[in-house]
Structures are given as C-alpha cells and as structure tokens.
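Visitor: Before we begin, I should like each term to be justified by its definition. May we look at the structure together?

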There are 2 protein chains.
Amino acid sequence: MEGTGALFQILRDGVPRTRSELATITGLGRSSIAQRVDALLGSALVGPAGEATSTGGRPPAQFAFNPSARITLAVDVGATHVRLAVTDLAAHVLVTDWHSIDVALGPEKVLRLVIERGRELIAEASRDVGALIGVGIGLPGPVEHATGKPRNPPIMPGWDGFDVPAFVGAELGATVIVDNDVNVMALGERFVGFRDVDQLLLVKVATGIGSGIISHGELHRGADGAAGDLGHIQVPNGEHALCRCGNRGCLEAVASGAAVAVALRESGLEVATSRDVVALVRAGSVAALHAVRDAGRTIGEVLASAVSLLNPSVIVIGGSLSMAGDPLLAGVREVVYRRSLPLATANLRIVQAAAGDRSGVIGAACLVIDDVLAPAAVDRYVS
Amino acid sequence: MEGTGALFQILRDGVPRTRSELATITGLGRSSIAQRVDALLGSALVGPAGEATSTGGRPPAQFAFNPSARITLAVDVGATHVRLAVTDLAAHVLVTDWHSIDVALGPEKVLRLVIERGRELIAEASRDVGALIGVGIGLPGPVEHATGKPRNPPIMPGWDGFDVPAFVGAELGATVIVDNDVNVMALGERFVGFRDVDQLLLVKVATGIGSGIISHGELHRGADGAAGDLGHIQVPNGEHALCRCGNRGCLEAVASGAAVAVALRESGLEVATSRDVVALVRAGSVAALHAVRDAGRTIGEVLASAVSLLNPSVIVIGGSLSMAGDPLLAGVREVVYRRSLPLATANLRIVQAAAGDRSGVIGAACLVIDDVLAPAAVDRYVS
C-alpha cells in the first residue's frame with residue numbers, strides 16, 4: 001500500500017510510537033495511519049510494543065519495528081574463503097560460519113557451497129528458509145550492481161557476466177543483491193562504527209588495495225560500478241613497480257600487503273602474505289615496521305588526493321595489512337595531514353576498521369536490508 | 001499539505017496530466033488527488049492545461065507545471081565580476097546582466113550591487129519583487145552550504161563567515177541559497193547539456209582549478225563543503241612550482257590559466273591572463289598551443305585519479321582556459337585514457353563546457369529551485 005513504506009522508515013529506528021504520534025510526525029489523517037499500521041502489523045515487520053502512559057482513559061497502543069520478523073543470508077566471498085551469516089532485519093548476526101574455498105573454482109562450485117551451507121546455517125538459527133527476505137553477497141571483483149553480474153573480475157575466472165542473483169535466487173527463493181567486497185565492507189564498517197556519518201571512505205589494504213565511498217549516506221558506485229578503485233592510481237616514484245593490471249607505478253604494486261611481503265622477502269625475511277607481515281610487525285621486526293609505515297605513507301599520497309576530492313569526515317583503514325595497526329595508520333596520517341588543505345582535514349578522522357573479519361557479512365546484510373526495506377519495496381511487500 | 005510536494009514532483013516534467021492519471025501514478029485515492037491538485041492550482045505552481053481527449057462524456061481537465069508562476073534571481077559572483085539573471089521556475093533565463101566589480105571590495109558593497117541591480121532586472125523582466133521565490137548565489141570560494149557563509153575564502157577578504165543569506169534575504173524577502181562557483185557551474189552544465197547524467201565531474205580551469213562533483217544526480221559537497229578541490233592535489237614533477245596555498249607542486253600552480261600565462265610570459269610572449277593565452281592559441285602560436293596541451297596533460301594526471309575514484313560518465317571542462325578548446329581537451333584525454341582502467345573509461349565522455357559564461361547563473365537558478373521546489377518545501381508553500 002502506497003505510503004506504508006514511508007511510514008515504516010520512521011519506525012526503523014526501533015522507537016515504539018502510538019498511532020497519534022505517527023499522525024503528528026507524518027501529517028497523515030487518523031484513518032490513513034490506521035490502515036498503514038494494520039498493513040505493517042499484518043506483515044509482522046512492525047509489532048505491538050506495549051502501551052504508552054495515558055493522561056486518562058484507555059492507554060494508547062504502541063508499535064515498533066520487529067527486526068526478527070524475517071532473516072537475511074549475508075555472504076562475504078573472498079579470494080580464498082567464504083564467510084556466511086544469518087542476520088535479523090537489524091543486521092544483527094545470529095549465526096556465522098567460515099569456509100576455505102578458492103574463488104577461482106568458478107561461480108557454480110562457490111555458490112553451491114553458499115546455498116548448501118546457507119540452508120544449514122538458517123536451520124542452525126532455528127529459522128525456516130521461508131523466513132529469508134533476501135541474500136546479500138560481496139564478491140572480490142567489479143560487479144555491475146544493477147544486474148548483480150561480475151564484470152571482468154581479474155581474480156575470478158569463470159565469473160564474468162555470471163548471473164549470480166538468478167542462480168542463488170532460484171535455489172533460495174529470495175531477492176539477491178550483489179556488490180563488490182569493498183563496497184560491502186564500507187557498509188559494514190559504517191553500520192558498526194559510524195552510523196551517523198554520511199561521508200565515509202573505507203580503504204581495504206590486503207593483497208590488493210581498493211575503497212568504498214559513502215556519499216550522502218549511500219554508496220557512490222559511479223557510472224559503471226567502478227568507483228573507489230584506488231589501487232591503480234599512479235604514485236610518485238613508483239615507476240619500478242609493474243602492476244598486475246599492466247601499468248607501472250600503481251598504488252597496489254607499491255603498497256599492498258602483497259607488495260610489502262615481496263619487498264621484505266627480497267631483503268631476506270620469510271614472508272608470503274600480508275598476515276606474515278603483520279606477524280613480523282607484532283614480533284617487533286624493525287624492517288617490517290619500516291616497510292609498513294612506508295606503505296602507509298604511499299597510501300597517504302593517494303588518500304590526500306581522495307580527501308581533496310571527496311572531503312570525507314572519516315577514513316576507515318581495513319583489510320589484512322591494517323591489522324598491523326599503528327605503523328600503517330601513522331604513515332597514512334603523516335602524509336594526508338601534510339598534503340591536504342586545512343579546511344578538508346579540520347574534522348577528519350583516520351581510524352582502523354572496527355568490525356574485523358565480520359565487516360563483510362554485516363555489510364552484505366545492510367546491502368540487502370536497505371534494498372528490501374526501502375519504501376517502495378515495503379509498499380509492495382505489505383500489499 | 002503533506003504529499004502535495006510529492007505530487008508536484010511528478011508534474012515538474014511539464015507533461016499535462018488528468019486527475020485520474022495522477023491517481024494511477026501515485027496510487028492515491030480520488031479525493032486525496034483532488035485536494036492536492038486544488039492546493040497546487042491555488043498556489044499557481046500548477047495551472048490548467050486544456051482537456052484530454054475523451055472516450056465519451058465530458059473530457060477530463062488536464063494540469064501542468066506552470067514555470068512562470070514565480071521567478072528566481074540567479075547570481076554568479078566571480079573574482080572581478082557579477083553576472084545576474086532573472087529566471088522562471090524551469091531555470092529559463094528571462095533577462096541577464098553583467099557588472100565589473102572586485103570581490104575583494106567586501107560582501108556589503110558586492111551584495112548591495114546584487115540587490116540593487118537585482119531589483120532593476122526584475123522590473124526589466126516586467127515582474128514584481130513579490131514574485132521572487134528565491135535567490136541562488138555562487139561565490140568564488142569555499143562556502144558552508146548549510147549556512148550559506150563563506151569559510152576562509154582565499155581571494156575574498158572580509159567575506160569569511162559573513163551571513164550572505166541574512167543580508168540578501170532581509171532586502172529581497174526570499175530564500176537565499178549559496179554555494180561555491182564550481183558547484184553552481186556543475187549544476188548549470190548538467191542542466192544545459194546532461195540532464196540525464198547522474199555521475200558528472202565539472203572541472204573549471206581558470207585563474208585557479210576546481211571541480212564540482214555530481215553523484216546520484218546531486219552535488220557531493222563532502223563533510224565540510226570542501227569536496228572537489230582538485231587544484232591543490234600534488235602532481236608528478238611539479239616541485240618547482242610554489243602554490244599560493246604554501247605547498248609545492250599543486251595542480252593549479254602548474255596547469256591553471258594563470259600558471260600557463262606566467263610560463264608563456266617567461267618565454268617572452270605578452271600574456272597576462274588565461275584569456276590572453278586563449279587568444280594566442282586561436283592566433284596559432286605554437287608555444288601557446290604546446291603550453292596549453294601540456295597543461296591539459298597535467299590536469300589529466302589528476303583527473304585519471306578522479307576517474308579511478310569516482311567513475312563519472314561525463315567530465316565537463318569549463319573555465320576561461322577551456323575556451324582554448326581542442327589542445328586542452330586533447331591533453332586531458334591523452335592522459336586519462338592512458339592512465340585509467342578500461343572499465344572506468346569504457347563509457348566516459350570528456351567534453352568542453354556548453355553553457356559558456358551563463359553556466360554560473362543557470363546553475364545558481366537550479367540551486368535555489370531545487371531547494372524551494374523540494375517536496376517538503378512545496379508542502380509548506382501550498383498550505
């Protein structure tokens with residue numbers, strides 16, 4: 001019913017309200033409010049929430065968002081793993097699970113695991129697949145958001161153009177929303193730590209480097225879903241570094257976890273991955289500390305440009321190399337604060353990611369919830 | 001009246017519609033539609049637009065947006081000029097005027113000119129000041145959009161923190177919306193040439209260099225209104241150039257109209273401003289052609305990063321140096337297409353500004369119209 005979704009947005013903050021409070025907020029008449037509240041009660045998206053105190057007479061009934069009405073399946077596909085979670089409609093994780101699997105095995109193998117383990121996880125949460133309102137999926141490559149199809153993903157052979165929503169939706173019978181892993185991580189980190197921040201930049205520093213941009217509280221995906229691609233911006237003095245994209249001097253060829261690991265290995269240390277680099281930093285290796293701080297400085301060169309262009313209020317640094325903590329952040333901060341104009345950094349915070357390895361699934365839950373609980377979607381859902 | 005503004009948005013495309021067509025589009029009942037159409041007719045924002053063809057019986061009346069119901073005063077304040085225009089509610093320029101004045105004379109002198117000439121211009125358009133629905137103003141410096149106050153504007157002594165909306169609003173009795181000149185120009189260029197483009201970057205290359213970012217069809221202003229500040233991003237090999245901001249190697253210290261003029265002057269040519277540079281290019285000076293193309297390449301280095309980050313579908317190059325045309329655009333395109341990943345440039349167009357010196361006033365009209373005709377504003381206006 002037209003207007004029910006708009007009314008529902010008011011209730012999504014979880015605060016219980018009476019019919020007359022809702023009438024005051026919206027300016028709608030008593031009968032319009034009554035109709036829409038009834039529709040929402042019928043859908044179970046909203047439930048009774050006790051009674052308000054009365055100034056005399058029968059106390060008026062209150063209503064509130066009921067996040068446990070339905071569930072989501074939230075999926076974070078990495079290069080070598082899949083993390084799954086079942087969440088309620090407030091993106092609260094009910095159960096979660098982790099599997100080692102190579103994304104290069106192709107979409108059918110990986111997504112079959114998602115479907116099978118998804119079903120088991122829903123049962124583990126003592127819910128029914130019928131309670132599923134949607135599936136949110138983050139993939140480690142470019143995704144055409146409108147269709148949910150990967151577009152020339154460099155590390156995902158066999159996935160190009162694969163209809164992920166159709167494949168998963170046919171099995172699980174729910175809306176499927178797909179985006180790239182960094183956008184999903186940005187949603188997750190915002191949800192966990194910065195719900196009131198409308199201008200946020202999430203930078204993932206791992207094997208590669210990428211970013212998710214939140215503008216006006218929404219993901220900025222750009223014209224082709226390619227926005228936030230920090231990893232292939234050219235950095236000063238990087239000409240020696242050949243990037244997997246074919247260009248020279250790209251940020252991720254110089255300052256990613258993989259690039260730092262290569263540099264340390266060449267200096268005789270035993271490191272293969274960003275996780276090994278982090279372990280060395282934690283063990284107090286001066287060479288590793290130095291290399292990570294230098295990577296932070298180089299990332300800071302690119303982020304200084306991003307700050308001039310986007311003027312975010314928060315930059316969140318995540319990804320496996322960010323577990324190195326202070327040395328990486330110190331390098332980033334040093335250059336960003338030196339290179340950016342005072343107006344753009346006056347209120348800027350540069351912080352480490354807070355949600356850890358759960359930011360992907362929490363973000364995937366936000367991705368699908370924002371879609372299925374949008375006003376027009378709720379209008380259709382309750383009709 | 002609640003919901004009237006939402007109904008009005010449907011009519012803003014100018015297409016005449018009947019009450020029953022509006023009921024079908026909105027899902028609202030006959031009496032709700034009738035009430036709201038009456039309210040809009042009463043405000044004159046919507047007017048009768050003839051009759052639809054009938055399938056028998058009395059033909060139903062049609063209604064359409066009436067852009068001449070009210071007017072705006074649109075103001076483009078530059079470093080050394082003020083351009084004014086009176087427009088209708090569709091941002092169509094009715095009359096326009098240009099004055100030479102130094103912005104450094106301070107806000108009271110400049111804004112008094114705006115108010116006095118604004119009144120005369122409204123009379124010239126045979127309208128009354130009472131018909132003014134709002135005033136849109138672009139200023140050549142950072143503006144805190146929420147308050148309309150300039151924030152530490154480098155070339156505007158006396159303007160810092162000045163309450164522009166209060167000063168102008170007290171005299172003209174209308175809503176006053178202020179933004180920086182590059183954001184306003186982005187709105188104007190989008191309106192004139194790219195109304196359907198939701199991801200656009202407007203780059204102004206003049207005495208300085210700045211940009212206005214349109215994301216999801218709206219200006220991306222950033223946390224402090226400082227977004228789009230391309231001019232102070234560091235460029236490769238620019239260390240020789242000291243910028244007015246105190247840093248070295250900023251884009252505008254190397255590739256602005258002023259920087260190109262200085263370089264040509266040092267090589268013995270007689271040039272003072274970007275306009276002189278453009279005149280030399282048009283006269284076929286090889287040195288000027290070369291310098292402008294080189295400036296384009298340097299701007300392209302920064303725009304390649306902006307493309308990776310924002311993935312716009314259109315980059316519009318405006319400002320006085322853009323009048324040099326092809327040599328500047330060729331330099332920009334050469335570097336952007338070489339340095340950006342294929343996915344981000346597959347559908348990218350890089351074009352010269354189309355609205356010429358009117359983009360500022362057209363954009364200022366759009367700025368204020370978008371505010372005063374927003375759904376909630378119309379709800380209040382017609383009640």
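Guide: Copies are superposed by least squares on the C-alpha atoms of residues with pLDDT of at least 70 in both. This is a predicted model, in which local features need pLDDT of at least 70 and side-chain atom pairs count only at pLDDT 80 or more, while totals for chains, interfaces and linings use all residues. Residues are numbered from 1 along each chain as its sequence is written, and chains are lettered from A and ligands numbered from 1 in the order in which they are written.

Visitor: What makes the relation between chain B and chain A that of a two-fold axis?

Guide: A turn of 180 degrees and a shift of 0.1 Å along the axis lay chain B on chain A with an RMSD of 0.1 Å. That is the relation of a two-fold axis. Within chain B, the residue closest to the rotation axis is Pro236(B), with its C-alpha at 3.1 Å.

Visitor: How do you know that the copies meet through the same surface?

Guide: Two residues are in contact if their C-beta atoms, placed from the backbone, lie within 7 Å. By this criterion, 39 residues from chain B and 39 residues from chain A take part. Of the interface residues of chain B, 100% are also interface residues in chain A, so the copies meet through the same surface.

Visitor: Why is β10(B) called mostly covered?

Guide: A strand is a DSSP run of E of at least two residues, and a helix a run of H or I of at least four, numbered from the N terminus. A residue is buried if 20 or more other C-beta atoms lie within 10 Å of its own, exposed if 12 or fewer, and partly exposed in between, with C-beta atoms placed from the backbone. In β10 (residues 175-180) of chain B, 5 of the 6 residues are buried, so the strand is mostly covered.

Visitor: How do you know that β7(B) and β10(B) pair?

Guide: Two strands pair if DSSP finds at least two bridges between them. Strand β7 (residues 132-139) and β10 of chain B run parallel and are joined by 6 bridges, so they satisfy that definition. Gly138(B) stands opposite Asp179(B) in β10(B).

Visitor: What makes β6 and β10 of chain B edge strands?

Guide: The open sheet has 5 strands in the order β6-β5-β4-β7-β10 (chain B), with mixed pairing. β6 (93-100) and β10 of chain B each have a single partner strand, so one side of each is left without a neighbour in the sheet.
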